[in-house]
Amino acid sequence: MDARRLEDLKLFVDRCKANPSILYNPSLSFFKSYLESMGALIPPKIKTENYDEEFPDYKKSNVSSNDTMDEGIVESDVELDSTDVVEADNDLPQKMGDPSREVTEENQDAAQILKGKAMDAISEGNLNEAMDHLTEAILLNPISSILYSMRGNVFIKLKKPNAAICDANAALQINPDLAKGYKVRGIARAMLGLWEEAASDLHVASRIDFDEEINEALKKVVPNARRIEEHRWKYERLRKERELKKIQRERQSKRAEFIFKKEKMEQTSGPESASVLKDGEVIAVHGQEELNKKLNAASKISRVAIIYFTATWCGPCRYMSPLYTSCAGKYPNVVFLKVDIDEARDVAAKWNIGSVPTFIFIKNGIEVDKVIGADKNSLEKKIALHSCS
């Protein structure tokens with residue numbers, strides 16, 4: 001079975017799947033009987049008000065399929081462990097130091113003393129006191145990444161993840177290789193449910209300076225991050241599959257539209273155009289008058305015609321001919337003509353053929369494209385392009 005008939009059969013099967021009631025048409029009784037003899041269970045006939053509903057024309061079926069394809073994919077929720085997630089803090093921004101300020105030795109020493117007081121306050125559970133000491137220390141020494149990361153850690157203990165992220169960013173701007181900056185930001189992001197960002201920060205922190213606190217945080221964060229990633233991959237795959245199905249339906253729709261238009265054009269243009277052209281075959285042309293008839297017939301049914309100028313002595317022509325013949329079967333909506341320049345000198349002269357092989361694309365009597373030489377890739381690409389026009 002040739003490719004064109006096989007494609008038509010696929011379209012018919014798709015229509016039967018969409019509307020099994022078609023099989024109850026008397027003209028298809030032989031096919032229904034055959035399916036039942038093979039053990040197939042035919043769904044009961046759905047009563048319709050008129051024949052048109054049971055046998056929709058091309059336009060109706062085309063609209064319904066497009067409507068189906070336009071339906072979006074509704075994503076399900078991802079099951080995540082949100083035990084430690086807190087509500088985002090929206091307090092006024094904490095005081096930050098001026099990094100352009102010159103830091104004296106006295107300021108550094110004073111900031112170091114305040115850092116010690118903050119550590120003592122933390123050990124005693126006085127977090128707000130520790131916060132005050134660290135803020136004063138940062139104002140004295142605004143270029144210390146350690147002070148920012150320490151205050152960020154206190155913000156985490158106070159359940160203020162946004163403030164902690166702000167301090168971690170400041171610390172990492174001063175020292176991009178500070179493990180504690182990534183750790184603080186990773187833990188704070190996890191508190192906000194930003195699992196993938198948190199996992200990224202904690203992995204960086206672990207590579208720079210691994211500790212048990214990072215390891216424990218990763219145990220909580222990584223499973224959620226993986227679930228989100230798997231969920232995204234799943235729906236990306238579904239979207240790609242949906243897009244492929246859409247492309248396939250569009251191709252089927254174009255094929256059905258072509259058949260529909262072809263039948264209508266053949267009905268209106270009479271038997272002359274249909275008889276002159278041979279679908280899926282290369283048509284040899286022996287003179288200008290004969291070529292004019294072929295081109296006129298192609299124009300009447302809105303087809304692109306290709307004139308292949310060749311010669312028996314031409315080696316590159318022998319190289320290109322099998323592809324040209326193959327494309328004729330592959331693109332039945334294109335008219336494939338062949339002219340031997342030694343046999344039809346009038347045609348070659350009219351089209352100013354200076355070398356072979358030459359392929360000229362004609363639509364509605366006008367040259368729209370050309371391929372000169374033995375370039376298989378270029379020829380097939382242009383045939384595929386113009387077959388859709």
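**A tour of the sheet and a helix pair**

Begin with the open sheet of this predicted model: its 5 strands follow the order E1-E3-E2-E4-E5, and their pairing is mixed. Select strand E1 (282-285) and strand E5 (366-372) next; these stand at the edges with a single partner strand each, so one side of each has no neighbour in the sheet. From one strand to the next, the twist averages 25°.

Move inward to strand E2 (residues 304-310) and strand E3 (residues 334-340), which pair in the parallel sense over 7 bridges. To inspect one of these pairings, display Tyr308, whose bridge partner in E3 is Lys338.

Now add the helices that accompany the sheet. Helix H16 (residues 376-387) packs on it, touching E2, E3, E4 and E5, and its direction makes about 160° with that of E5. Helix H13 (residues 288-300) lies across E1, E2, E3 and strand E4 (358-363), and runs at about 145° to E1.

Leave the sheet and select helix H5 (residues 105-123) together with helix H6 (residues 127-140). Their axes are 8 Å apart and the helices pack at an angle of about 165°. As angles over 145 degrees count as roughly antiparallel, H5 is therefore roughly antiparallel to H6. The crossing of the two is left-handed.

Finally, show side chains along this contact. On the H5 side, the residues include Asn107, Leu114, Lys117 and Ile122; on the H6 side, Glu129, His133, Glu136 and Leu140 are among them. The residues of this contact comprise 10 nonpolar, 2 polar and 3 charged.

Key: Residues numbered from 1 in each chain as written. Predicted model: local features only at pLDDT ≥ 70, side-chain atom pairs only at ≥ 80, totals over all residues. Heavy atoms only, no water. Axes fitted to C-alpha atoms, helices over the stretch in contact; angles between N-to-C directions. Helix = DSSP H or I, 4+ residues; strand = E, 2+ residues; numbered from the N terminus. Parallel < 35°, antiparallel > 145°, perpendicular 65-115°, else oblique. Left-handed = near helix turned anticlockwise from the far one by under 90°. Contact = heavy atoms within 4.5 Å. Nonpolar A, V, L, I, M, F, W, Y, C, P; charged D, E, K, R; others polar. Pairing = 2+ DSSP bridges.
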